[in-house]
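Okay, thanks for squeezing me in today. I'd like to walk you through a chain I've been looking at, so let me get it up on the screen.

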Amino acid sequence: MTAPVCTSASNAATAKAPARAAARTQTFPYPSFSSYVKARQPVLLRTARSLTANPSDAEDLLQTALTKTYVAWERIEDHRAVDGYVRRALLNTRTSQWRKRKVDEFACDELPEPELVPGGDDPAERQALHDAMWRAIMKLPARQRAMVVLRYYEDLSEAQTAEVLGVSVGTVKSAVSRALGKLREDPELVFVR
């Protein structure tokens with residue numbers, strides 16, 4: 001077992017003085033702020049670019065973070081860890097910008113409500129139109145009704161409709177044309193036009 005060694009305060013101070021002097025004269029990877037910026041700007045700009053959607057905003061963000069780093073340059077003890085400091089400054093600055101973002105809401109006397117158009121978003125009017133349309137379709141002859149339903153309600157092409165009904169494409173075209181003519185003349189559907 002070894003006995004603890006006691007030294008006097010003066011001996012301890014003189015022993016630590018050369019170590020402090022060596023620490024002050026130690027060379028850091030970036031002896032000055034400008035050399036750090038020249039060496040690390042492309043990497044830091046990529047980091048800033050990943051935080052923003054716009055290259056110009058990324059440059060502004062990096063400039064702001066580097067300004068904050070410059071102000072604190074003398075306080076940063078280990079200049080080998082400056083990248084972490086700048087990245088944290090980038091993230092904090094971006095978060096602050098996001099929190100302060102402009103919100104485009106304005107107080108006004110009247111609420112900007114859209115004007116209702118006939119047959120628009122009113123469910124009662126839509127149902128009335130739906131019912132009137134089905135009554136008009138039910139007045140069509142069975143063959144024309146089948147073709148209109150397949151073409152416009154089932155969304156089949158003219159060729160598919162002809163294949164389902166076993167008729168030619170020309171028959172489908174002429175029958176649908178006559179059916180649409182009758183629907184245009186139906187008195188219940190006049191308010192739609």
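One bit of vocabulary before we start: I'll call a residue buried if it has under 20% relative accessible area, exposed if it is over 50%, and partly exposed in between. Take Glu188: its relative accessibility is 25%, so Glu188 counts as partly exposed. Keep that residue in mind, as we'll come back to it. And please remember that this is a predicted model.

Right, the overall layout. What are the elements of the chain, going from the N terminus? They run α-α-α-α-α-α-α-α, so if you count with the definition of helices and strands in hand, you get eight helices and zero strands. The chain has 193 residues, and 22% of them count as buried. It exposes about 14500 Å², with carbon and sulfur atoms supplying 55% of that. As for contacts with a separation of 6 or more, 50% of them come from residues 24 or more positions apart.

Now the inside. The largest nonpolar core is made of 16 residues, and Tyr36, Leu66, Val86 and Leu90 are the ones with the most contacts inside it. Where does this core come from? Helix 2 (33–51), helix 3 (55–71) and helix 4 (82–99) each put in at least two residues. If you want one residue to click on, try Leu90. Leaving out residues up to four places away in sequence, Leu90 touches Leu44, Thr47, Ala48, Leu51, Leu61, Leu62 and Ala65. There is also a second, separate core, this one of eight residues, and Ala132, Leu140, Val148 and Leu189 are among them.

Next, the charges. How many salt bridges do we count? The count comes to five, and I'll show you three of these pairs. Arg135 bridges to Glu188, with the closest N and O atoms 2.7 Å apart. That pair links distant parts of the chain: Arg135 is in helix 5 (residues 123–138), Glu188 is in the segment after helix 8 (169–185), and the two are 53 residues apart. Is Arg135 buried, exposed or partly exposed? At 42% relative accessibility, Arg135 is partly exposed, and Glu188, at 25%, is partly exposed as well.

Then we have Asp186 and Lys139, whose side chains meet in a salt bridge at 3.4 Å, N to O. Why does that pair tie together distant bits of sequence? Because Asp186 lies in the segment after helix 8 while Lys139 is in the loop between helix 5 and helix 6 (142–153), so the parts being tied are 47 residues apart. The two ends of this bridge sit in opposite categories. Asp186 is buried, with a relative accessible area of 6%, whereas Lys139 counts as exposed at 52%.

Lys139 also meets Glu188 in a salt bridge, at 3.5 Å, N to O. Again it's the loop between helix 5 and helix 6 on one side and the segment after helix 8 on the other, so this pair ties together parts 49 residues apart. Put it all together and Arg135, Lys139, Asp186 and Glu188 are linked in a network of salt bridges.

Last stop, the rings. We count four aromatic pairs. One of them is Phe33 with Tyr70, which is edge-to-face, at 5.1 Å centre to centre and 65° between the planes. Phe33 is in helix 2 and Tyr70 in helix 3, 37 residues apart. Phe33 counts as buried at 16% relative accessibility, but Tyr70 is exposed, at 55%.

Then there's Trp134 with Tyr153, a tilted pair at 4.9 Å centre to centre, with 35° between the planes. This pair links helix 5, where Trp134 is, to helix 6, where Tyr153 is, 19 residues apart. Both rings belong to partly exposed residues: Trp134 has a relative accessible area of 28%, and Tyr153 has 38%.

Going back to Phe33 and Tyr70, ring pairs link these two with Tyr36 and Trp73 into a cluster. You'll recognise Tyr36 from the list of residues with the most contacts inside the largest core.

One more for the ring fans: the charged end of Arg151 sits over the ring of Tyr152, 5.3 Å from its centre.

That's me done, thanks everyone.

Definitions and conventions:
Residues numbered from 1 in each chain as written. Predicted model: local features only at pLDDT ≥ 70, side-chain atom pairs only at ≥ 80, totals over all residues. Heavy atoms only, no water. Core = buried A, V, L, I, M, F, W, Y, C linked by side-chain atoms within 4.5 Å. Buried < 20%, exposed > 50% of the residue type's maximum accessible area, 1.4 Å probe, protein only. Helix = DSSP H or I, 4+ residues; strand = E, 2+ residues; numbered from the N terminus. Contact = heavy atoms within 4.5 Å. Areas by Shrake-Rupley, 256 points an atom, 1.4 Å probe, with all protein chains shown as cover. Salt bridge = Lys/Arg side-chain N within 4 Å of Asp/Glu carboxyl O. Phe/Tyr/Trp six-rings, centres within 6.5 Å; stacked < 30°, edge-to-face > 60°. Lys NZ or Arg CZ within 6 Å of the ring centre and 35° of its normal.
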